[in-house]
Amino acid sequence: MSVQTPAPSAAPGTSVDLGPAAALSCRECGHRVPLGPVFACEECFGPLEIAYDFSAHDAEELRARIEAGPANIWRYAPLLPVPADVATKPNLNPGWTELVRADNLARELGFTGGLFVKDDSGNPTHSFKDRVVAQALEAARAFGFTTLSCSSTGNLAGAVGAAAARAGLRSCVFIPHDLEQGKVVMAAVYGGELIGIEGNYDDVNRFCSELIGDPAGEGWGFVNVNLRPYYAEGSKTLAYEICEQLGWRLPDQIVVPIASGSQLTKIDKGFRELIRLGLVEDRPYKIFGAQAEGCSPVSAAFKAGHDVVRPQKPDTIAKSLAIGNPADGPYVLDIARRTGGAVEDVTDEQIVDAIKLLARTEGVFAETAGGVTVGVTRKLVESGALDPSLTTVVLNTGDGLKTLDAVAGTGLTATIRPNLDSFREAGLA
Ligand SMILES: *Cc1c(COP(=O)(O)O)cnc(C)c1O
Ligand SMILES: [Zn+2]
């Protein structure tokens with residue numbers, strides 16, 4: 001595998017200014033390299049992540065600065081790998097989505113401790129992916145890439161297309177050919193190139209890795225491959241927002257969907273950074289991972305007590321989570337075990353039930369991934385793994401309008417003629 005990508009204007013090792021980001025550091029062996037479009041350690045092939053220099057921050061000053069910032073992810077710019085003037089550049093300005101106090105859902109599920117839904121369907125392209133793409137876009141600009149690309153299960157393709165359109169870059173993105181129409185249209189409408197690959201996500205991802213090593217991919221920033229260390233940091237903003245919206249407090253429990261597992265690992269990183277910075281009190285929190293039964297490699301490994309994740313061939317309606325060989329799977333297992341959480345899965349039928357439950361109780365229409373987290377939350381309460389007397393946050397990471405097929409059975413209550421007799425006959429009066 002090629003670990004370095006030639007970029008047009010900034011070769012690896014050329015210094016770029018990305019705020020507090022100091023270097024790339026290997027998650028496995030700690031080896032450090034300068035910031036650049038690299039994603040795997042040259043010593044051990046472990047994944048690289050961003051290392052920061054946060055030493056300059058005084059907690060009270062930082063909190064005041066964040067609170068005075070814009071109502072989007074850039075309020076956290078001092079904690080992200082972005083240039084100082086990021087808020088003034090054309091981008092989609094995602095984030096600061098609603099943390100819904102879900103009292104009706106809490107009653108249905110037997111919660112007494114405060115249940116919240118972090119509703120990330122409120123982002124510009126209606127999924128949490130706008131957060132990660134916004135970080136990758138800044139890295140792409142810093143390294144001089146002119147084409148933005150990705151391998152995607154659907155939502156990422158739309159987020160990349162939209163971000164590239166706003167920023168005036170070319171985009172060319174790759175998806176499995178058989179995705180939901182809502183995802184395909186949402187990815188195509190921004191005018192970039194959208195390529196369907198005959199295969200599943202894991203095939204798409206493998207293809208993109210090949211393209212990166214080929215001259216055909218020169219000058220391309222793949223947000224979730226060669227820009228992955230930067231991309232991944234976008235998920236930390238979910239952790240920051242949840243804590244700030246809870247009054248600078250950690251939740252006791254959080255339920256996070258797992259596709260590659262990146263989001264879950266970075267939510268944990270975000271919580272730990274807030275503790276280290278003195279922005280929240282250092283209290284224990286539990287992180288729970290949620291998968292669909294038809295693609296549950298991490299859940300299966302968790303239940304079997306394994307440290308390695310055995311790949312699966314996905315078959316589920318939760319296509320945004322259908323990654324059979326999740327890159328961050330082993331780290332998710334570590335985090336679930338270290339924090340006292342768990343990883344659980346639900347059937348497609350339970351996903352649909354949970355989508356309807358959330359819509360009926362809270363007026364939030366989730367995509368299938370939200371059905372997975374709400375369904376898993378219900379299952380974990382029933383099994384006793386999740387304590388309903390504690391403050392709990394459940395993520396909804398996408399919008400139900402993109403996965404209408406999942407709830408295709410819902411529709412008209414009745415069809416009547418436009419007169420009162422007909423209304424009465426239908427038993428509606
Ligand atoms: C991509 C995605 C996720 C999580 O992705 P990770 O690869 O685990 O970071 C969750 N929900 C939705 C809707 C997504 O599109
Ligand atoms: Zn290493």
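The shell around ligand 1 breaks down by class into 6 nonpolar, 7 polar and 2 charged residues. Keep in mind that this is a predicted model. In total, 15 residues surround the ligand, and Lys129, Ser260, Gly261, Gln263 and Thr397 are the closest.

Now the polar contacts. On the nitrogen side, a nitrogen atom of ligand 1 sits 2.6 Å from an N or O atom in the Thr397 side chain. On the oxygen side, the backbone does the work shown here: a polar backbone atom of Gly261 is 2.8 Å from an oxygen atom of ligand 1, and a backbone N or O atom of Ala259 is 2.9 Å from an oxygen atom of the ligand. How much of ligand 1 does the protein bury? Taken alone, the ligand exposes 390 Å², and the protein buries 97% of that.

Next, salt bridges. The count for the model is 31. I will go through three of them.

The first pair is Arg75 and Glu244, whose closest N and O atoms are 2.6 Å apart. This pair links distant parts of the chain, 169 residues apart: Arg75 is in the loop between helix 1 (59–67) and strand 4 (99–101), and Glu244 is in helix 8, residues 236–245. Buried or exposed, where does Arg75 fall? Arg75 counts as buried because its relative accessibility is 7%, and buried means under 20%. Glu244 is buried too, with a relative accessible area of 10%.

The second pair is Arg360 with Glu108, where the N to O distance is 3.1 Å. Here the partners are 252 residues apart in the chain, with Arg360 in helix 12 (residues 348–362) and Glu108 in helix 2 (residues 103–109). Arg360 is exposed, since its relative accessible area is 57%. Glu108, at 41% relative accessibility, counts as partly exposed.

The third pair is Asp268 and Arg338, with closest N and O atoms 2.6 Å apart. It connects helix 9 (residues 262–276), which holds Asp268, to helix 11 (residues 329–339), which holds Arg338; the two residues are 70 apart along the chain. Asp268 has 0% relative accessibility and therefore counts as buried. There is also a network: Arg27, Glu49, Glu233, Lys236, Lys266, Lys269 and Glu273 are joined into one by salt bridges that share partners.

Let me turn to the backbone, and back to the loop between helix 1 and strand 4, where Arg75 sits. Asn93 is in that loop, and its phi is positive, about 45°, although Asn93 is not a glycine. With 33% relative accessibility, Asn93 counts as partly exposed. Trp96 is in the loop between helix 1 and strand 4 as well. Its phi is near 50°, again a positive value in a residue other than glycine. Trp96 counts as partly exposed, at 29% relative accessibility.

Last, the surface. Which residues form the nonpolar patch there? They are Ile416, Leu420, Phe423 and Leu428, and together they have about 340 Å² of accessible area. Leu428 belongs to the segment after helix 14, which covers 420–425. Leu428 counts as partly exposed because its relative accessibility is 38%; a residue has to be over 30% to be part of a patch.

To recap the ligand: ligand 1 has 97% of its area buried by the protein, and Thr397 contacts one of its nitrogen atoms through the side chain.

Key. Residues are numbered from 1 along each chain as its sequence is written. Chains are lettered from A and ligands numbered from 1 in the order in which they are written. This is a predicted model: local features need pLDDT of at least 70, side-chain atom pairs count only at pLDDT 80 or more; totals for chains, interfaces and linings use all residues. Side-chain values use heavy atoms; hydrogens and water are left out. Patches are made of residues with over 30% relative accessible area and no salt bridge: like charges are joined within 9 Å, nonpolar side chains (Val, Leu, Ile, Met, Phe, Trp, Tyr) within 5 Å. Accessible areas come from the Shrake-Rupley method with a 1.4 Å probe; for residues, only the protein chains shown count as cover. A salt bridge is a side-chain nitrogen of Lys or Arg within 4 Å of a carboxyl oxygen of Asp or Glu. Helices (H or I, at least four residues) and strands (E, at least two) are DSSP runs, numbered from the N terminus. Buried means under 20% relative accessible area, exposed over 50%, partly exposed in between (1.4 Å probe, protein chains only). A residue is near a molecule or strand if one of its heavy atoms lies within 4 Å of it. A polar contact is a pair of N or O atoms within 3.5 Å; within protein, one must be able to donate a hydrogen and the other to accept it, and residues adjacent in sequence count only if both atoms are side-chain atoms. Ala, Val, Leu, Ile, Met, Phe, Trp, Tyr, Cys and Pro count as nonpolar, Asp, Glu, Lys and Arg as charged, and the others, Gly among them, as polar.
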